[in-house]
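Let's take a friendly walk through a protein model, from its surface to its core and then on to its charged pairs. Have your viewer ready and follow along.

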Amino acid sequence: MSEELKYWYLRDHKLFLTLSMSQVKQLCIITGFKKAKKGDVIYFSSSEAPRIFLLKKGNIKIVEIDEEGNETIKDIIQKGDMFGELTLESDKNSSEYAKALTDEVLICSFLLSDFENLMLQYPNLALTYTKFVGLKMKRIKNNYANLISKDAKTRLHSFIKDWAEREGKFDGKKVKLENYLTQADIAQIIATSRQTATQLLNEMQEKQLIFYTRKEILIDDISLL
């Protein structure tokens with residue numbers, strides 16, 4: 001990848017908007033770039049040096065594995081989002097991996113030690129990073145609160161509405177959403193069985209709240225979700 005392309009990939013990210021042109025060019029030297037295709041495993045937390053990742057293109061899922069080998073989708077990462085060792089502490093006991101959900105995925109990454117040095121050099125970057133991570137943690141906290149306090153039907157409606165608002169193409173109240181998640185993925189995200197998720201999705205279709213296919217989800221009126 002050319003240095004010019006690396007520059008524009010970083011310059012375009014809101015995390016680095018406070019940095020000058022020369023500072024962003026310095027980042028290119030220590031930044032790793034990686035492409036992946038749908039189904040590719042991007043990293044295992046337990047087998048790599050700790051890193052901070054930025055997703056430039058596509059979508060991925062973060063999957064956590066418990067002691068019994070059960071897998072749970074911890075988060076869905078969308079374009080512009082960050083993942084990895086966001087607390088800036090290496091967790092050797094963590095067991096999770098990232099997997100590409102879409103056909104074209106592009107990520108850039110920094111070694112945790114390099115990223116810490118960057119924030120020492122550029123206080124404005126440290127401030128932006130703190131705000132960025134704070135918003136992400138708030139969203140994750142709200143997601144967990146929904147899992148605890150709401151039933152599966154409400155969780156599904158909330159998830160699809162949030163997904164549509166973040167990634168959907170709007171035409172008034174109508175929304176067209178690229179569907180890169182399987183029903184099994186959706187079931188894990190809302191913490192229910194695949195059978196229940198399928199049943200709830202079918203109910204939403206019967207009520208004409210959504211039109212669901214393996215490739216897209218059409219929402220006629222998002223205000224009804």
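A good place to begin is the surface, where Glu64, Asp66, Glu67 and Glu68 gather in a patch of negative charge. Keep in mind that this is a predicted model. Of these four residues, take Glu68 as an example: Glu68 sits in the loop that runs between strand E4 (60-65) and strand E5 (71-77). Glu68 has a relative accessible area of 69%, and because the cut-off for exposed is over 50%, Glu68 counts as exposed.

Now let's turn inward. In soluble globular proteins, nonpolar side chains tend to be buried together. Here the largest nonpolar core has 26 residues, and those that touch the most other members are Leu156, Phe159, Ile160, Leu181, Ile210 and Ile219. Two or more residues of this core come from each of E5, helix H5 (152-167), strand E10 (174-178), helix H6 (183-189), helix H7 (194-206), strand E11 (210-212) and strand E12 (216-219). The biggest contributor to this core is H5, with six residues.

Next come the charged pairs. Side chains of opposite charge can pair when their charged atoms come close. In this model, the count of salt bridges comes to 10. One of them joins the side chains of Lys56 and Asp12, at 4.0 Å from N to O. Lys56 belongs to strand E3 (residues 51-57), while Asp12 is in the loop between helix H1 (3-11) and helix H2 (21-30), so this pair ties together parts that lie 44 residues apart in sequence. The two partners have opposite settings: Lys56 is buried, at 9% relative accessibility, whereas Asp12 is exposed, at 57%.

Strand E5 appears again in the salt bridge between Lys74 and Glu96, whose closest N and O atoms are 3.0 Å apart. Since Lys74 lies in E5 and Glu96 in strand E7 (residues 96-100), the pair ties together parts 22 residues apart in sequence. Lys74 is partly exposed, with a relative accessible area of 39%, but Glu96 is buried, with 9%.

What about the pair formed by Asp220 and Lys174? Their side chains meet in a salt bridge of 4.0 Å, N to O. Asp220 is found in the segment after E12 and Lys174 in strand E10, so the bridge ties together parts 46 residues apart in sequence. Both ends are partly exposed: Asp220 has a relative accessible area of 48%, and Lys174 has 46%.

To finish, look for Asp75, Asp81, Lys136 and Arg139, which are linked in a network of salt bridges.

Key. Residues numbered from 1 in each chain as written. Predicted model: local features only at pLDDT ≥ 70, side-chain atom pairs only at ≥ 80, totals over all residues. Heavy atoms only, no water. Patch = residues over 30% accessible without salt bridge, like charges linked within 9 Å, V, L, I, M, F, W, Y side chains within 5 Å. Areas by Shrake-Rupley, 256 points an atom, 1.4 Å probe, with all protein chains shown as cover. Lys, Arg positive; Asp, Glu negative; His and termini not counted. Charge placed at Lys NZ, Arg CZ, Asp CG, Glu CD. Buried < 20%, exposed > 50% of the residue type's maximum accessible area, 1.4 Å probe, protein only. Core = buried A, V, L, I, M, F, W, Y, C linked by side-chain atoms within 4.5 Å.
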